[in-house]
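Student: I am new to this structure and would like a close look at a single part. Please take one helix, then set it against the rest.

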Amino acid sequence: MARQGVVVEPYQRLKLEQVEQIHRASLAILTDPGVVCFNRNAAESFGDHGAEVISIDQGAAACWLLKIPEKIITDAVQSAPKVVKLGARDENNCLILDGREPRVRFASGSEANNWLDVDVETFVSKRDPGIEVDFPVFRVEKGTVDRLARAARLCECLDSWDSFLRTLNIQDDDITDDNKDVNKFFASLNNTTKHVMSGLTELSQLSNVVRMSEIIAGGEDKLRENPIISFITCMVKSPLQLINDTTQKAIEIAKRGIPLVISSAPQGGSTAPIREEGIVAQINAEILAGIALTQLVNKGTPVLYGSVPGRAGMVDLYDSYGVPEFNQYNIDCVQVARYYGLPCYSTGGVSDVRVPGIQASVERLFSHILVTLAGPQYIHYAFGLLERTNTFCPVQAVLDDTHIGMVKRFVRQPTVTANRISESLEQIRRVMGTSHKLYVRFVRSALHSGEIAPPYPFEGKDMVDETLLRARDRMEKILSLPPPHIAKEVVDKVFQEVPGLLTRLRN
Amino acid sequence: MTEDILALIKENVVQGRVTQDDEGLEEEMVGQPGVSELTEKALAQGISPDDIIKRGLTKGMDIVGQKFETKEYYIPDMLASAEAVGVAMEILEPHLAKSGIKSKGKIIMATVKGDLHDIGKNIVSILLRGAGYTVKDLGNDIDPQAIVDAVREESPQFVGLSALLTSTMIHMRDTIQALAESGLRDKVKVIIGGAAVSEEFAQSIGADGYGADGFEAIRVVEALSVQ
């Protein structure tokens with residue numbers, strides 16, 4: 001049994017003809033101007049399979065211009081699996097991502113530096129000191145291993161949160177580049193039984209992370225059958241550059257056959273054209289180049305088409321997630337990924353503002369609804385992100401869970417059948433025979449079976465918006481539950497075999 | 001035997017099943033007797049109306065109330081159960097006088113002149129019946145004089161007036177004035193409700209009470225009953 005997500009009737013922003021135009025434009029980009037590659041192994045691999053490789057002078061760093069022919073791309077799209085399994089400690093929480101099916105799952109994301117706590121303070125009216133109101137105030141803390149673990153525990157208990165993509169950049173004093181990977185993966189895996197995804201900070205730590213995952217999954221073969229972890233590699237620096245470090249990580253991960261997101265995040269207006277067709281053609285070329293490399297290294301490597309197109313804010317050139325174009329770019333990418341039949345790792349649910357509130361709700365709901373309607377297999381960034389992606393707020397994540405639950409109800413496919421129509425006709429006839437002519441009694445089975453939405457859980461009763469306070473109560477209740485820790489003997493083995501783990505993370 | 005049937009009445013109130021055709025919360029209950037059939041059966045077996053009310057219907061509604069408090073039940077559940085109790089009370093009504101049991105009170109309900117909206121009024125009527133009151137529902141778009149006539153004929157303790165529209169709420173004032181002009185105002189308590197009206201409006205037109213929703217309407221009626 002896998003997590004079901006929600007199947008949508010996909011919103012087709014682009015006509016098929018336009019998708020094909022984008023595809024052809026991407027192929028054209030891959031040969032002219034081509035892709036700049038800073039990784040020798042990648043350049044050689046492309047060269048061995050028919051790409052034109054031209055050494056170019058870019059100062060100190062060795063680099064090559066790759067002109068990638070259509071055949072390499074066509075072969076890669078063909079050999080990349082159409083169905084990718086993201087496993088989980090509890091196999092009921094695994095995700096089966098089928099690139100041909102518009103079934104959407106929701107994940108967190110980013111590696112935010114900040115954790116935003118919500119405190120409650122009582123304020124007294126200046127006009128009438130008898131009036132006191134509890135109000136949320138915000139406190140910025142830095143990301144730590146402990147807070148990452150708390151986020152994973154929230155993920156475990158929130159129904160719409162399908163997969164834990166590390167939410168925080170852990171910045172404890174005893175965390176270094178050399179022990180960061182093992183600790184972030186362990187803190188995550190030890191606090192959620194859902195799928196764990198993360199980037200890799202140091203290539204030297206890949207073996208340790210994989211060994212840890214093998215022990216937790218029950219062995220090398222078990223990890224292959226049930227890949228409880230996966231990696232994100234941002235090997236592309238837009239526009240059209242494969243950077244040395246992350247490209248090498250992608251190569252090594254692909255060799256091991258672990259699921260891998262090939263992610264590109266161009267910014268329309270700065271590192272990509274601002275027009276829809278331009279940025280989508282470019283990001284598609286960038287992702288296809290990355291996917292092609294994984295297939296050249298190890299045919300059949302499970303990959304996700306990682307589209308994270310953004311738009312530059314016109315005031316400061318920061319990413320702007322609240323603008324309508326963000327949704328248009330992302331929906332287009334989902335359609336292009338579906339054209340290839342590849343599972344799409346898409347983007348939605350971020351807001352530009354620093355604290356939860358009206359702007360945050362409006363901006364994130366736009367993309368939660370619209371990108372979900374497009375039908376990607378996996379939406380990352382969907383929980384708790386504020387201040388673009390710099391801040392993770394656990395209370396916001398609780399709100400997002402509820403709101404995504406509402407979106408899932410909204411987008412699910414209609415259930416009109418002859419049988420249900422007969423039942424409705426019977427209801428109508430029965431109610432018309434009563435004096436009160438009310439259908440309320442027929443609501444009950446739908447209400448209690450979960451067929452219809454429950455009341456909004458954070459609504460206040462008085463003339464004060466209590467949403468954040470109630471969401472905070474829910475968060476605290478969840479965090480007071482016992483964490484779903486890994487069995488002690490397994491943890492002991494992990495600590496014996498994997499170096500660098502902080503002893504305070506032991507159960 | 002008596003205990004069994006009273007337990008079934010209680011359970012069917014909790015399930016909100018009026019008749020055997022109702023599914024309640026569990027589909028497999030369809031076809032089994034509901035509160036109305038069980039009430040008839042209990043009477044046929046000689047069980048007193050007092051026992052049916054206190055040990056069957058009221059106990060069931062107590063459980064429903066608890067489930068509502070803990071948010072296991074919502075308004076539709078409450079209404080379904082209240083409707084079942086109301087139907088049982090109608091069946092019991094002819095037997096109550098013989099048994100010396102008095103109704104908790106009689107209430108005339110009406111949506112005022114010019115207003116066709118009766119959902120709120122119907123919900124309040126169901127809840128009042130479920131709470132043990134005798135309800136005479138005049139319907140909607142009811143002229144003040146028709147309400148005066150009904151009060152004269154039925155001698156209720158309460159009149160409940162409903163209005164959804166700001167353009168029709170003024171007829172609540174007209175109705176209260178008509179009751180006063182007919183010398184009946186001090187014979188009944190008038191409570192009002194509906195989307196257009198408020199506590200302040202109720203006070204301004206001389207109503208005795210205001211219910212913001214069906215449950216508050218019952219609380220207001222109960223409070224006015226003991227005055």
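Tutor: A good place to begin is the residue just after helix 7 of chain B: there B:G183 takes a positive phi of about 75°. This is a predicted model, and what follows describes that prediction.

The helix that comes before this glycine is helix 7 of chain B, residues 170-181. Its 12 residues, at 1.5 Å a residue, should span 16 Å, and its end C-alpha atoms are 17 Å apart, which agrees. Within helix 7 of chain B, the buried residues are B:H171, B:M172, B:T175, B:I176, B:A178 and B:L179. Around the axis they cover an arc of only 155°, which puts them on the same side of helix 7 of chain B. What do these buried residues pack against? Their partners in chain B are helix 6 (144-154), strand 3 (158-162) and strand 4 (189-193).

Next, the cores. The largest nonpolar core has 138 residues, and of these A:I68 and A:A292 touch the most other members. Helix 9 of chain A, residues 276-297, gives this core its largest share, 12 residues. Apart from that core lies another, of 64 residues, with B:L79, B:A84, B:L161 and B:I191 among them. Leaving out residues up to four places away in sequence, A:I68 touches A:L30, A:T31, A:G34, A:V35, A:F46, A:A51, A:I73, A:A289 and A:A292.

Chain A as a whole has 16 helices and 23 strands. Its radius of gyration is 24 Å, close to the 23 Å that the globule rule gives for 507 residues, so chain A is as compact as a globular protein of that length. Along the principal axes, the C-alpha atoms of chain A fill a box of roughly 80 × 55 × 50 Å. Of the 507 residues in chain A, 50% are buried. When contacts in chain A between residues at least 6 apart in sequence are taken, 75% of them join residues at least 24 apart.

The domain assignment splits chain A into domain 1 (6-13 + 80-122 + 129-411) and domain 2 (418-448). The C-alpha centres of these two domains of chain A lie 43 Å apart.

To return to the part you asked about: helix 7 of chain B has its buried residues on the same side, and B:G183, with its positive phi, comes just after the helix.

Notes:
Residues numbered from 1 in each chain as written. Chains lettered and ligands numbered in written order. Predicted model: local features only at pLDDT ≥ 70, side-chain atom pairs only at ≥ 80, totals over all residues. Domains from an automatic or database assignment. Helix = DSSP H or I, 4+ residues; strand = E, 2+ residues; numbered from the N terminus. Expected span 1.5 Å × (residues − 1). Buried ≥ 20, exposed ≤ 12 C-beta atoms within 10 Å, placed from the backbone. Arc of directions from axis to C-beta. Contact = placed C-beta atoms within 7 Å. Rg over C-alpha atoms; globule rule 2.2 N^0.38 Å. Core = buried A, V, L, I, M, F, W, Y, C linked by C-beta atoms within 7 Å.
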